[in-house]
2 protein chains.
Amino acid sequence: MGDGGWSYRDAGVDLDAAERAKERLTSLVAGTRDAHTLSGLGMFGGLYAVPDDVAGPVLVSSADGVGTKLKLAFMTGRHDTVGQCLVNHCVNDILVQGARPLFFLDYLATGAMDESVVTQVVTGVATACRENACALLGGETAQMPDFYAADEYDLAGFIVGLVARDRILDGSAIEEGDVLLGLPSSGLHTNGYTLARRIVFDHMGLRVDDEFPELERPVGDVLLDVHRSYLGLLWPLLEEGRLHGLAHVTGGGIPGNLPRVLPEGLGAAVDRGAWTTPPLFRVLGRAGGVERDEMYRVFNMGMGMILVVPPGEVDGVVAALTAAGETVPVLGEVVRGSGVTWTD
Amino acid sequence: MGDGGWSYRDAGVDLDAAERAKERLTSLVAGTRDAHTLSGLGMFGGLYAVPDDVAGPVLVSSADGVGTKLKLAFMTGRHDTVGQCLVNHCVNDILVQGARPLFFLDYLATGAMDESVVTQVVTGVATACRENACALLGGETAQMPDFYAADEYDLAGFIVGLVARDRILDGSAIEEGDVLLGLPSSGLHTNGYTLARRIVFDHMGLRVDDEFPELERPVGDVLLDVHRSYLGLLWPLLEEGRLHGLAHVTGGGIPGNLPRVLPEGLGAAVDRGAWTTPPLFRVLGRAGGVERDEMYRVFNMGMGMILVVPPGEVDGVVAALTAAGETVPVLGEVVRGSGVTWTD
C-alpha cells in the first residue's frame, strides 16, 4: 500500500506484468496458427473459420485439467511439460469420438504472476498444440492472490475438434466379438497423482531427485513423463474407418473408461496378463500395498488407449501400428453384459 | 488409510461421490440441450453440430475464470450465482465480436467433493446457459486435495459461439466521429475483487452480513450481484448491422478494454461525467483512498458494455435500448490518436 491509498498492485495484482507476459505469449501462440485462425491474441474472443472439407460438420469439445501432477512441476521447478500433458489429454479425449483437433484454449490461474513460469507453462501448451496441428486460439491467465500460493498455479484446457457427422465414433458400430487392442501409455499420464504422490513421497520417503526404484531415472522425471497423444498414430486408421471404437484410459482406469464407449448390453472381457505391467506401477502397488483392483481403477497400468477393432481388421491394424514402432497386445474382447470383467 | 494399504479414497479422492455428482449434473445439463447437441454427459467429448444457417461460419471462443469473486461465495455460502457470472462474462466476450453462443464447458476444481456445493455451482452455470440459449456441453470436475482447501474451489469456463465471416465485429468498420454509448453494469461484474475485498473487509472492516454503506443491502449480496449478459439486449442491433463495435468492460476497465476494439490510429475521448458513478464505486474509492484513474483502470465504474455507433444510427439505437428499459448515456466519441483520453 502506497501512502495515498490502495492500488491494484498493492493488492497483489500486477497488471503490467500481466501485459508483459501477454506480449511474450503472442509469439508462442503465433507458431500454432493455421489458415483458419482469423485472430491473434488480445481480442476478446479467438476466431476460427470452420473448415469446409467435412460434410455435416460436428464440433467435439472437451475440458480438462492437469490435476495434481502440477505438484510435480512445483517440486521440480520444471513447468514446460504439464502444458503438453494437458493438450495431449484433450486431443485424446476428442480423438476417441473420431475428431481431429481444431483449436485449444488454456486457463492458467496463479497466485502471483511469475513471467518465467507463465512462459514455460504456455510454451508446453504451444509445443503440444503445434505437434497436434491445433491452433492455440486464446486463453486466460488469472492472477488470484489469497487463492493460490505465490509459487503455485492451476492449469486447465479446452479443446474443440471436428468430425463428419457420419464418422462420429459413438459406440454404435461396436459388436460382440470385437477385439480390444491396447496402446502403451508413457507413464501415469495425468491420472492417479494424488495417490501416487502419497505413496512415493509420504510412504516411500523419496525426493524428486532420488532414483526411482527399478527405473534408474529420477523420481521427478518419471512422474513428469508427458502424457502421450495418440492422434498421429491413430488418425490414419480412423480415416480408413478401421476402428469401431476408442477408449482413452484416464481417471477411473480401464474399468472406468472402456465401458463409456460400449453400447448398452455389451461389456468387455480383459486379460490383465496380456501385457506386462510396467515397473512404475508394480513399484507403486507394492510400496503402497494397494489392492490389485484398486490399482486398475486409479491408474492406466501401462495401457493409455484401447482400440475396439472388428475381427477382420485386427491383423491389418496390428501390422500398421507395429510398423509405426508400437507393441500392440490383444487385451480381450467385447462380450455380452456390461462393464469390464477381468479374465485373470 | 485402511490396514491393508492405500486406496484412492484414503488419499482424499472420492470417485463414488464424483460419480453421484455427475448423475445429478446430467439432469441440469439436459435442460440446456438444443437440436444441435448430439451428446449427453459421460462421453469423452461433447458433440455439437455446426448450425447451417450461417454462411462462412466462424467460431469465436473465449476462456475465462470467475476470479476472486469466488471468495464471496465461500464467505456467504451462496454458490449458485458465480456460475451465472462466468457464463455471462464469456457470452459478452464473444458477443463483442458479433457471435452468438453455441455451447459452454466448465472447469470446476475442488479440494473435496461436496456434492451440494458442486450442484449449486453447476446450477448457476446451467441457469445462465439456458438464459443465453447456450448448450452446457460438458465440463470437468476435478478433485484436487492438497491443492484447494476442502471448502474452496476454482471455476473457469470456455465458450464457443458462431458468427458469419462477413458479420465479424473486428473494429474495421469503426471511424473517427463514431459515438460511444454506454450500457450500465450490474455491479463489479467479475473484476477488481482482489482490491475490492481488501477495501471492504480489511480496510472498512465490514462483514458479509453488514449493510453496505449507501446501498441498504448486505455486503455479501452487493458483491455477489450477477455479471449481466448483454446478449438479449444487443443481438437485435447486431443482426440489423447497426453497431460498428462493442467493448466489454472487464479487467483493465474502460482504458484497458475500449482500445482493444479500435483500429490503428484511432482512440476514444470519454467524459466520465456523462454518467453518475454508482454508489458502490464511490464508496470503494473513498474508503480505500484509491486514485481516480486507478479506480477506472480496475473497475467498470458502472459501465459494463460500450457500443461504438455510427452517428446516423445513434438515435435509433438509443431509442431501441431505452424502449428495453435501459439508460444509455453518450460517453464520448472516437477520435484520432490511441487509447482512452478522459475529457473531464
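Start by selecting Leu47(A) and then Val60(B), which is the bridge partner of Leu47(A) in strand 2 of chain B; strands and helices here are DSSP runs numbered from the N terminus, with E over at least two residues for strands and H or I over at least four for helices. The model is a predicted one, in which local features need pLDDT of at least 70 and side-chain atom pairs count only at pLDDT 80 or more, while totals for chains, interfaces and linings use all residues. Residues are numbered from 1 along each chain as its sequence is written, and chains are lettered from A in the order in which they are written.

Widen the selection to strand 1 of chain A and strand 2 (residues 57–65) of chain B, which pair in the antiparallel sense over four bridges, pairing being assigned where DSSP finds at least two bridges between two strands.

Next, colour the whole contact between the chains, which takes 68 residues from chain A and 69 residues from chain B, where contact means that C-beta atoms, placed from the backbone, lie within 7 Å. On the side of chain A that touches chain B, strand 2 of chain A gives the most, with nine residues. Of the interface residues of chain A, 100% are also interface residues in chain B, so the copies meet through the same surface.

To see how the copies are related, lay chain A on chain B: a turn of 180 degrees and a shift of 0.0 Å along the axis give an RMSD of 0.0 Å, with the superposition made by least squares on C-alpha atoms of residues with pLDDT of at least 70 in both copies. The two copies are thus related as by a two-fold rotation axis. In chain A, the C-alpha nearest that axis belongs to Phe158(A), 3.4 Å away.

Now display the open sheet of five strands, whose order is 4(A)-3(A)-5(A)-2(A)-1(B), with mixed pairing. Strand 4 of chain A and strand 1 (46–49) of chain B stand at its edges, each with a single partner strand, so one side of each is left without a neighbour in the sheet. Strand 3 and strand 4 of chain A pair in the parallel sense over eight bridges, and selecting Leu108(A) leads to its bridge partner in strand 4 of chain A, Thr141(A).

Finally, add helix 3 of chain A, which lies across strand 2, strand 3 and strand 5 of chain A and runs at about 30 degrees to strand 5; such angles run from 0 to 180 degrees between the N-to-C directions of axes fitted to C-alpha atoms, for helices over the stretch in contact.

Terms used. Contact = placed C-beta atoms within 7 Å.
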